[in-house]
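Visitor: Could you choose one part of this structure and take me through it closely? I would like to see how its surroundings are built up as well.

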Amino acid sequence: MNKRRKFLKLGAAFTAGSFLPLQFCSSPKSGSETTVVEEAVKESVKEKLESFGIQLYSVKGDMAENAQEAIKKIAGYGYNQIEGFDGGKGIFWGMKNTEFKSFTADLGLDFVASHANVFENTEKLAAEAGEIGMKYLIAPYVGAQKSMEEWKKMADSFNKVGEICKSNGLRFAYHNHGYTFEALEGQMPQDFLLENTDPELVDFELDIYWAVAAGADPQAYFEKYKNRFRLCHVKDREKGAPAGEHNASTVLGTGTIDYGKVLRTAKDNGMEYFIVEQEKFSGVTPMEAAEKNATYLKGLEI
């Protein structure tokens, strides 16, 4: 009898008023031993994401034309979080931090994080972000480094920025591209950063698309580095995209990444923020894609 059938029979026993034998109520003897019920539940129970957001860079053209109108449209699609970026007017788009917070909150959007140049005016930026309850400032790109010694200096810089963010009541995170998954001097920069930054100061935002494009396994990273990845970019990859192709994102659910499995593993290992991002658009406008992506996540079971 397989685990699924056992689970269904146990459920029937409950319905009939029976009780589970004692061995099904006790804790496993070791971490490697699990009961039939626990395994069956884990395999069969699904849930939907209660909260998810969008990286506003996905609609950067609309943001440049009229940021407030673009955000109003986003709010109507079912997102309840946004992650910002600096489009030349600062991460508050020409508004005061408190004004931007009020504007987005009134639309039902939680401004949880922003990509930003965290290496300039760090104290001021962190103070303004902390004042309005943002959770994260994120370094979106640092570029491939020429040596592991340079990556060591980068890790040290991350720790310093993380300390400033922490002192202002928020967190710092680093968002990867493909280059951190390219071996250098016998080491993987992504692993090096994870292992040489202080978990009390530095978190990571895994761009799942970039990890997959580089040949890495997102689920393996979530499991190996439990609780280090607190945010992720949910971005699908076109079917048939050649290995190494950078510009191949597509509407969620039409590509190759099994997000039901990937996000389940992510959440089981400490993921808190699920952020949609898309950068290539075929037969659809960025705003139309944003709506389709929200619809996908609303219906996704993990």
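Guide: Gladly! The chain has 11 helices and 10 strands, where helices (H or I, at least four residues) and strands (E, at least two) are DSSP runs numbered from the N terminus. This is a predicted model, in which local features need pLDDT of at least 70 and side-chain atom pairs count only at pLDDT 80 or more, while totals for chains, interfaces and linings use all residues. Residues are numbered from 1 along each chain as its sequence is written, and side-chain values use heavy atoms, with hydrogens and water left out.

A word on confidence before we zoom in. The chain has a mean pLDDT (the predictor's confidence in each residue, from 0 to 100) of 90, and 85% of its residues reach 70 or more. Residues 1–29 stay under 50, and for them the model has 24 contacts beyond four places in sequence. Where pLDDT is low, the predicted coordinates should not be read in detail.

Of the 302 residues in the chain, 46% are buried; buried means under 20% relative accessible area, exposed over 50%, and partly exposed in between, with a 1.4 Å probe and protein chains only. Contact, by which I mean heavy atoms within 4.5 Å, often reaches far along the sequence: among contacts between residues at least 6 apart, 75% join residues at least 24 apart.

Now for the part I have chosen, helix H10. In this helix, which runs over residues 259–268, the buried residues are Tyr259, Gly260, Val262, Leu263, Thr265 and Ala266. As background, an α-helix has 3.6 residues a turn, so residues three or four places apart point the same way. The cover over the buried residues of H10 includes three other helices, namely H8 (208–213), H9 (218–224) and H11 (286–299). Strands S7 (229–234), S8 (236–237) and S10 (273–276) also belong to that cover. Just after H10 comes Gly270, with a positive phi of about 105 degrees.

From S10 we can step across to Ser58, since Val276 is one of the residues in contact with Ser58. The others, leaving aside neighbours within four places in sequence, are Glu277, Gln278, Phe281 and Pro286. Ser58 itself sits in the loop between strand S1 (53–55) and helix H3, and 219 residues of sequence separate Ser58 from Glu277, yet their C-alpha atoms are 5.5 Å apart. Ser58 counts as buried because its relative accessible area is 5%.

Helix H3 (residues 60–75) also holds Ala64. With a relative accessible area of 54%, Ala64 is therefore exposed. Its C-alpha is 7.1 Å from that of Gly87, a residue 23 places away in sequence.

Last, let us visit another loop, the one between strand S4 (136–139) and helix H6 (148–167), where Gln145 is found. Gln145 is buried because its relative accessible area is 17%. A polar atom of its side chain lies 2.9 Å from the backbone oxygen of Gly143, and the backbone oxygen of Val142 is 3.3 Å from a polar atom of that side chain. Both are polar contacts: pairs of N or O atoms within 3.5 Å, where within protein one must be able to donate a hydrogen and the other to accept it, and residues adjacent in sequence count only if both atoms are side-chain atoms. Beyond four places in sequence, Gln145 touches Glu150, Trp151, Met154 and Leu184.
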